[in-house]
Amino acid sequence: MRVIQPFATAGSTVYGAFDPLHDIANICEKHKLWMHVDAAWGGGLLLSRNYSYKLSGIERANSVTWNPHKLMGVPLQCSAILIREKGLLEACNQMQAGYLFQPDKFYNVDFDTGDKTIQCGRHVDVFKLWLMWKAKVGIFMKELIRTLRILFTNVCFWYFPPRLNLIPEGFERDQELQKVSIAPKIKAQMIVEGTAMISYQPCGDKVNFFRMVFSNPATRQTDVDYLIDEIERIGKDL
Ligand SMILES: *Cc1c(COP(=O)(O)O)cnc(C)c1O
C-alpha cells in the first residue's frame, strides 16, 4: 500500500527541514486536496526578515498549525490552528448548548471562541502571546528578528564512544556504534546528577543520535561547551 503524507511540514521537529510549499500547493490545487502546513516548529520564522522565505507558499494553505511556545518563547502551552475557511471551525465544533455561550450579548459574539474550538472550558492559551505582543511590539519585534537570525538551530550529532577508536573505520565500526545505546544513558545520568536535561532521538534505527535545539536567547557559548563536556565526561565511562 502506498502511504501519502497528509500534510506539509515547515520546520520538521528533528532536522528543522522545510517542505517546498509552492510545489505541494500546486499538487493540492490540481487534485483539490486540503493543504495543511504543520508549522508548529518553524512558524515563528514568518517574523524573520531573512528567513521568512522558507515558508513561502504557506499563504496558499487551507490550514496551518503554529506553536508560539516553541520558536517565539511563549510559556507552554500556546498552540494555534489557523483555518482559512471562515465558519468551518464553528460548524465542526459548535454544540450550541443552551447553558453556554449565549448569543444575546451586548457585543459582537463573532469573537466568542467557545463554540469554535474543541477545548471549551480551558485556558485561553493565546492570551500569553497577546500580552507578549502588546508589551513588546516595537523593541520586541526588532529584538526577535535579530535573535531569530542566529538562534533557529537544530544541531544534530552522533555520540562516538572513544573505545570505538580501537576498531578500524568502516562497516564493522558503524555497526558497533549503533549497537550500544549510550545516548539514553547519558541523558539519564545527567538527570540523576542534576547537571542538564537534553533530548536525544534515534535517527531511524540508529540510537546514539542527539538533537540539540538552541532557541533560548540567553544561551551562551559557555553553556554549549559545558553540555559537550558533560556528554563526554559521562559517555566515556559507559
Ligand atoms: C512540536 C511539534 C508538533 C506538536 O505540537 P503540539 O502543539 O505539542 O501538539 C507538531 N509538529 C511539529 C513539527 C512539531 O515540532
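This section describes the fold, the ligand site, the largest pocket and two local backbone features of a predicted model.

The chain contains seven helices and six strands. Read from the N terminus, these elements follow the order β-α-β-β-β-α-α-α-β-α-α-β-α. The chain has 238 residues, of which 33% are buried.

Eight positions are considered first, those around the ligand. The surrounding residues are G11, T13, D38, A40, W41, N67, K70 and S79. By class, this shell comprises two nonpolar, four polar and two charged residues. Three residues of the shell place polar side-chain atoms beside oxygen atoms of the ligand. For T13, a polar side-chain atom is found 2.9 Å from a ligand oxygen. In N67, an N or O atom of the side chain is likewise 2.9 Å from an oxygen atom of the ligand. The corresponding distance from a polar side-chain atom of S79 to a ligand oxygen is 3.0 Å. The ligand on its own exposes 390 Å², and 58% of this area is buried by the protein.

The largest pocket has a volume of about 1200 Å³. It is lined by 32 residues, and those closest to the pocket centre are I81, L89, T113, K116 and T117. Two strands and two helices each give two or more residues to the lining: β3 (63–66), β4 (80–83), α2 (88–93) and α3 (126–136). The lining of this pocket consists of 15 nonpolar, ten polar and seven charged residues.

Two features of the backbone were noted in loops. The peptide bond that leads from L76 to Q77 is cis, with an omega near -10°. Q77 belongs to the loop that joins β3 and β4, and both of these strands give two or more residues to the lining of the largest pocket. The second feature concerns K32, a residue other than glycine whose phi is positive, near 55°. K32 is located in the loop between α1 (21–31) and β2 (36–39). Its relative accessibility is 77%, and K32 is therefore classed as exposed, since the exposed class begins over 50%.

Taken together, the ligand shell includes T13, N67 and S79, each with a polar side-chain atom at 2.9 Å or 3.0 Å from a ligand oxygen. The loop between β3 and β4 holds Q77, the residue that follows the cis peptide bond from L76.

Terms used. Residues numbered from 1 in each chain as written. Predicted model: local features only at pLDDT ≥ 70, side-chain atom pairs only at ≥ 80, totals over all residues. Heavy atoms only, no water. 1 Å grid on protein atoms, 1.4 Å probe; cavity = no way out; pocket = protein on both sides within 12 Å on 5 of 7 lines; lining within 4 Å. Points joined across faces, edges and corners; volume = space filled by probe spheres on them. Helix = DSSP H or I, 4+ residues; strand = E, 2+ residues; numbered from the N terminus. Nonpolar A, V, L, I, M, F, W, Y, C, P; charged D, E, K, R; others polar. Near = heavy atom within 4 Å. Polar contact = N/O pair within 3.5 Å; in protein donor to acceptor, adjacent residues only side chain to side chain. Areas by Shrake-Rupley, 256 points an atom, 1.4 Å probe, with all protein chains shown as cover. Buried < 20%, exposed > 50% of the residue type's maximum accessible area, 1.4 Å probe, protein only.
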